[in-house]
Amino acid sequence: MRWSLAVVIVSALFMVVRSEIGSCPPTLPVDICEGRCGPNRPCNCTQLCCPTACGGAMCVDPMTKRHFINLVKKGRCPEFPRGVWVCTHTCTSDSDCPRALKCCPNRCGALACQKPDADEEPAEEPA
């Protein structure tokens, strides 16, 4: 248990140093409870060592740079989400998503960056 805690702490410090490439997604709900990465087993140059829900750590692709503001982008989340079945959150708000993508529930119910549906324009009244 101490080793797992040490891996998570060192991983968190490592993430701060590498924050220029992005940030870890929300805690990963996977059954990896050992440290698969850390100071002695670094990730490749494009991935971050991120904590898992049961105290482990694993290499994952970073999310976009976290913006510590609650940006709400245009459009609304799709009524019928599209895309693959990924049941892990990959964003927490629209600020985490690139370009015009929004952070919305996906087909599995997890939050993911998706192309939004257009806002419905109010109908014009006849003159």
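This passage describes a strand pairing, a loop residue and a pocket in a predicted model.

A good place to begin is the β3–β4 hairpin. Strand β3, spanning residues 102–105, runs antiparallel to strand β4, which covers residues 111–114, and 4 bridges join the two. One pairing can be followed residue by residue: K102 has Q114 of β4 as its bridge partner. Between the two strands of this hairpin lie 5 residues. Within the hairpin, G109 adopts a positive phi near 100°.

Attention turns next to Q47, which is found in the loop that connects α1 (2–17) with β1 (48–51). Is Q47 buried or exposed? Its relative accessibility is 18%, and because the buried class takes in values under 20%, Q47 counts as buried. The side chain of this loop residue also has a polar partner, as a contact of 3.3 Å links the side chains of Q47 and D61.

Finally, the model can be examined for open space. The largest pocket has a volume of about 240 Å³. Its lining is made up of 16 residues, and those nearest the pocket centre are V86, T88, T90, A112 and C113. Strand β4, already met as the partner of β3, returns here: with 3 residues, β4 provides the largest share of the lining. In chemical character, the lining of this pocket comprises 9 nonpolar, 5 polar and 2 charged residues.

Note on methods:
Residues numbered from 1 in each chain as written. Predicted model: local features only at pLDDT ≥ 70, side-chain atom pairs only at ≥ 80, totals over all residues. Heavy atoms only, no water. Pairing = 2+ DSSP bridges. Helix = DSSP H or I, 4+ residues; strand = E, 2+ residues; numbered from the N terminus. Buried < 20%, exposed > 50% of the residue type's maximum accessible area, 1.4 Å probe, protein only. Polar contact = N/O pair within 3.5 Å; in protein donor to acceptor, adjacent residues only side chain to side chain. 1 Å grid on protein atoms, 1.4 Å probe; cavity = no way out; pocket = protein on both sides within 12 Å on 5 of 7 lines; lining within 4 Å. Points joined across faces, edges and corners; volume = space filled by probe spheres on them. Nonpolar A, V, L, I, M, F, W, Y, C, P; charged D, E, K, R; others polar.
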